[in-house]
Amino acid sequence: MTAPTQATAMTPCAPTHTPEVDIDALRAKYLLERDKRVRPEGQQQYVEAADEFAGFYESDPHLPVEPREPITDDIEVVVLGGGFCGLIAAHRLQQAGVTDFKIVELGGDFGGVWYWNRYPGIQIDSDAYCYLPLLEETGYMPKERFSHGDECFEHAQRIGKHFGFYDNAIFHTLIRSLEWDEEINRWQIRTNRGDEIRARFVVMAQGPYNRPKLPGIPGITDFKGHTFHTARWDYDYTGGDLHGGLDKIADKRIAVIGTGSSGIQAIPHLAKGAKHLTVFQRTPSYIFERANYPTDPQWVNSLEPGWRAARQRNFHNAAFAFYSPGEPDLICDGWTEVSRNMAAKLTETNGWAALADPVKFMELKEVEDYRSMERLRRRIEEIVDDSDTAELLKPYYRNMCKRPVFNDDYLPTFNRPNVTLIDVSETKGVERITEKGVMVDGVELEFDAIVFASGFEITTALDRQFDIAPFAGRDGTSLYDHWGKGFRTLHGVMAHGFPNHFATGFVQGGVTASTTLMFEQQADHIAYIIKEAQARGATHVEPTAAAEEGWIQTIRAHSIDNSTFTSECTPGYYNSEGEPNGRSFLGDPFWGGFYELGEILQTWRDTGTLEGLKLDV
Ligand code: NAP
């Protein structure tokens, strides 16, 4: 099976060679594997990082929290979150001339996920030239096409410095409650530092992957050894840094629970450092070649203004739309393999006309999907020596049932003598944790430490995801109630009953291949509304109930039914753990198209009437 061979961004991208498959047999196998893993508790199987587990979220292993006096302040705009989303929001506010804002961030610096997640091996899993925001504005070009975690964190700091946002930052501060105060037309904000901040506008930029969750394994509190979550890596315990070299665990028996994007990247380094590593796997990830390359100066010199937007659009076409005939695959990685291979077949067979029929389109895509997954399964056989282990590592589900993973070191790790893979699919997860370790088939395996690579509150209930209470709009209405039966917004950014409040992320907006591009679209809209509200002397601005309902109807009119696909997927946060009516992690998006949504929003702004918004002056 050949891998993508793009050596630089200038090298044309070839399709991969994929084997013939028996789709019916595989479909049956996929369903079997799915059923084995679905748990009746769905999302409830996870434990919240609160109360006795709060430290897994709130404590900062990277920087000591300095004591400070509580802040009492009245600010025009508070941006909640200083990751890329918050930084983009701040940038767009600044561009719009709105400068009285503060960015409140739990971390001790900018960076969000890239501040928190410093586990060994952390690296971007999608094209850095598309993903890293504000490249042209800061004059920066990523060193490689898949940046390492420290480069992403440094880029967040670069943005903070370049635009002077450090003066606007309140770090090491967690917003605990948000309440709209009708008397003073302000949001009352309380934090974990005893702050009482009033803000006219609040922009939520918390990001979708901000709050770690833990597996609800019976006995999880019994373990007397060391534990930590990948998103709060404890280098005091392991030694080393995010490039590896974990030199303090040479005498330690380590268990890792979780084999998603985080686990896959950390496991090779844990294996190199530990006396013994045991990997508990419920579902194997599907792992593409990393195929990283350094940024080619010749390519950089060849770039014309607008190159980045064109690249992002090309990525979007591969992931959420489709190429036009002759369009090259500029991204050339696992995200684009299925579309690339399909486009090559269409060209070979002169079959592009077939795409006019959406059913045919889905059929052709499905074939390439099955073939690509089979390629990845055979790749495992080629790399992993022990055939039983190789079999356990094979993913049996469709492309995009889970997030694709890119790694060259993970699979060879299972050829090491100090690494054991334990499949826990039959018990739908690790059976039990004990004082000394983990129970497997009635046998207690002893460990010095357990690393939880168990992911984040992404599609769990919104109050778990936000961890803000109360979160109350006009008349004390809870946002969790307002959105209890599904998102209700205008343009994905404002909700009726929540004046001067702005949402970002996967909330009835447009989806595209780079989340940062989605944030940019939302931040443009938010900054415009705030600027206009200020210019018109409005104390508050809010969508009417009718406008909100209108947007919901627009969303419905463009909705697509992908319930068969998601319900047949192996469980995970992509399909709300297989819950029948679970929330999509994409958040009820506008399926009319990301760029089409951009045009709708631009036209709305161009009319200048703020249609659907009620302003109180
Ligand atoms: P995740 O994808 O949610 O993975 C959690 C892992 O924990 C899964 O393997 C899950 O198994 C396992 N697990 C949960 N409960 C278990 C139990 N009771 N017993 C055994 N295993 C259990 O979390 P993640 O790896 O942190 O990744 C989350 C997301 O963050 C990614 O999808 C990605 O969007 C983002 N991320 C990105 C990067 C990057 O760009 N480089 C890196 C890391 C994370 P199941 O699969 O069976 O549920």
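Start at the ligand and select the residues around it: by class, this shell has 11 nonpolar, 11 polar and 4 charged residues. Keep in mind as you go that you are looking at a predicted model.

**Stop 1: the ligand's neighbours**

Of the 26 residues around the ligand, label the ones that come nearest: Gln123, Ser262, Thr283, Lys402 and Tyr573. Now zoom in on Ser262, where an N or O atom of the side chain is 2.6 Å from an oxygen atom of the ligand. Move on to Lys402, which has a polar side-chain atom 2.7 Å from a ligand oxygen. Then show the backbone of Ser261: one of its polar atoms is 2.9 Å from an oxygen atom of the ligand. How much of the ligand's accessible area does the protein cover? On its own the ligand has 910 Å², and the protein covers 92% of that.

Next, select helix α9, residues 261–273. This helix gives 3 residues to the shell around the ligand, the largest share.

**Stop 2: the domains**

Zoom out and colour the protein chain by its domains: domain 1 (1–35 + 308–332 + 336–398), domain 2 (39–68 + 215–291 + 404–455) and domain 3 (69–211 + 459–616). Why does the ligand lie between domain 2 and domain 3? Both domains give residues to the shell around the ligand, so that is where the ligand lies. If you mark the C-alpha centres of domain 2 and domain 3, you will find them 30 Å apart. The contact takes 44 residues from domain 2 and 38 residues from domain 3.

**Stop 3: Asn418**

Select Asn418, in the loop between α15 (410–413) and β14 (419–423). Is Asn418 buried or exposed? Its relative accessibility is 11%, and buried means under 20%, so Asn418 counts as buried. Show its side chain: a polar atom there lies 2.8 Å from the backbone oxygen of Ala271. The side chain of Asn418 also makes a polar contact of 3.0 Å with the side chain of Arg416. Leaving aside neighbours within four places in sequence, add the residues in contact with Asn418: Ala271, Ala274, Lys275, His276 and Leu277.

**Stop 4: Gly509**

For the last stop, go to Gly509, in the loop between β20 (501–502) and α18 (515–535). Gly509 counts as buried because its relative accessibility is 6%. Which residues does Gly509 touch, not counting those up to four places away in sequence? Select Gly492, Pro589, Phe590 and Leu597 to see them. Finally, draw a line from the C-alpha of Gly509 to that of Phe585: the two residues are 76 apart in sequence and 12 Å apart in space.

Note on methods:
Residues are numbered from 1 along each chain as its sequence is written. This is a predicted model: local features need pLDDT of at least 70, side-chain atom pairs count only at pLDDT 80 or more; totals for chains, interfaces and linings use all residues. Side-chain values use heavy atoms; hydrogens and water are left out. A residue is near a molecule or strand if one of its heavy atoms lies within 4 Å of it. A polar contact is a pair of N or O atoms within 3.5 Å; within protein, one must be able to donate a hydrogen and the other to accept it, and residues adjacent in sequence count only if both atoms are side-chain atoms. Accessible areas come from the Shrake-Rupley method with a 1.4 Å probe; for residues, only the protein chains shown count as cover. Helices (H or I, at least four residues) and strands (E, at least two) are DSSP runs, numbered from the N terminus. Ala, Val, Leu, Ile, Met, Phe, Trp, Tyr, Cys and Pro count as nonpolar, Asp, Glu, Lys and Arg as charged, and the others, Gly among them, as polar. Domain bounds come from an automatic or database domain assignment. Buried means under 20% relative accessible area, exposed over 50%, partly exposed in between (1.4 Å probe, protein chains only). Contact means heavy atoms within 4.5 Å.
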